[in-house]
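The report below describes how the strands are arranged into sheets and how the nonpolar residues are grouped. Please read it alongside the sequence and the structure shown here.

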Amino acid sequence: MMTYKKLLFALISTAGLAFTSCSSDNEDMTTNEPQMVNVKLDFTFEQSGNMTRASGAETYAAFYEKYIKTKRLTPKNFSLTFKNKETNETILTKNGTWESENGIQLPEGTYTVTGTSHPQDAYLPSDTAYISFSEEVEIKKEIPQLTLTAKYSCFLLLFDATNIDTIKMGEASGYVFAKDSKYAKTLSKDEKCHWIFMYNTVYYDNWNSSQNYSLIVQRDNVNMAKLYTATQSYQDGKYYFYQYNDMSTGFTMPEMEPGN
């Protein structure tokens, strides 16, 4: 079973703006205007749910430690909206990158933060996770750090790499997409598994009709197998681990362990 700590989302440096005026007796008075705070953005994952804390799956545990915890397979871009909790007024909408040194600037206060962080080709199957945000945060000059929590808005398909050469995305009929199709994709892999993050199971054909993906698995012994997502049931925030079964020339999927 994996354990990990919540990473800190943001490093806040403060720059106060003080407005003073002179009274009739020359005494200085400071107004109650909220202080502006410069915020550098980062993110971490929530500590519950199958895709972040699941037991009994060594392949997934290794995958998480290698690619997700280190943020090697998390998006580079984000789109965030900050609304003042008291007034429900949108104070800031920001599109940027997590690695940017510029960060954002907000007045002190309590905010409702919503947003997404998606791969470059949004909504298509990707080797990078889809994540979202929705929570309340407090911005104060006295608080030097701010933590936001990322949630998965996708599910993960993992395939045991044993005896599998390549896996390609395919049409609902079970044929590999043409090379010039925007849906054409070969799953990424390492020595343990092939993987793909799925925002949903559908694509749109030439008639703009919704269809379900298939996955075409090429065995290293020239045999081939197909997995049809229309026959499967998936939930966001969960991973699904497949192993090729030589006896049935098909796939078996071990039962998932509950998240902690």
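In this predicted model, strand E14 and strand E19 (residues 214–219) run antiparallel and are joined by 6 bridges. Within this strand pair, Ile 167 of the chain has Val 217 in E19 standing opposite. Both strands belong to an open sheet of 3 strands, ordered E14-E19-E20, in which the pairing is antiparallel. Strand E14 (164–170) and strand E20 (224–228) stand at the edges of this sheet, and because each has a single partner strand, one side of each is left without a neighbour in the sheet. From one strand to the next, the twist averages 20°.

A further open sheet is built from 6 strands in the order E5-E12-E10-E9-E6-E7, and its pairing is mixed. Here the edges are taken by strand E5 (44–45) and strand E7 (90–97), each of which has a single partner strand, so that one side of each is left without a neighbour in the sheet. The mixed character can be followed through individual strand pairs: E5 and strand E12 (residues 149–152) run parallel, whereas E10 and E12 run antiparallel, as do strand E9 (residues 109–117) and strand E10 (residues 131–139). In general, the strands of a sheet pair through backbone hydrogen bonds, and they may do so in either the parallel or the antiparallel sense.

The table lists bridge counts for these strand pairs of the sheet.

| Strand pair | Sense | Bridges |
|---|---|---|
| E9 and E10 | antiparallel | 9 bridges |
| E5 and E12 | parallel | 2 bridges |
| E10 and E12 | antiparallel | 2 bridges |

Residue partners can also be named for each of these pairs. Thr 114 has Ser 134 in E10 as its bridge partner, Thr 44 stands opposite Thr 149 in E12, and the bridge partner of Ser 132 in E12 is Lys 151.

Turning from the sheets to the nonpolar residues, the largest nonpolar core has 37 residues, and those with the most contacts inside it are Phe 63, Tyr 152, Leu 158, Trp 195 and Phe 197. Helix H1 (residues 58–68) contributes the largest share of this core, namely 5 residues. Apart from this core lies another, of 22 residues, which includes Phe 177, Leu 187, Tyr 240 and Tyr 242. As a general tendency, nonpolar side chains in soluble globular proteins are buried together.

Technical notes:
Residues are numbered from 1 along each chain as its sequence is written. This is a predicted model: local features need pLDDT of at least 70, side-chain atom pairs count only at pLDDT 80 or more; totals for chains, interfaces and linings use all residues. Side-chain values use heavy atoms; hydrogens and water are left out. Two strands pair if DSSP finds at least two bridges between them. Helices (H or I, at least four residues) and strands (E, at least two) are DSSP runs, numbered from the N terminus. Axes are lines fitted to C-alpha atoms, for helices over the stretch in contact, and angles run from 0 to 180 degrees between N-to-C directions. A nonpolar core is a set of buried Ala, Val, Leu, Ile, Met, Phe, Trp, Tyr and Cys residues joined through side-chain atoms within 4.5 Å. Buried means under 20% relative accessible area, exposed over 50%, partly exposed in between (1.4 Å probe, protein chains only).
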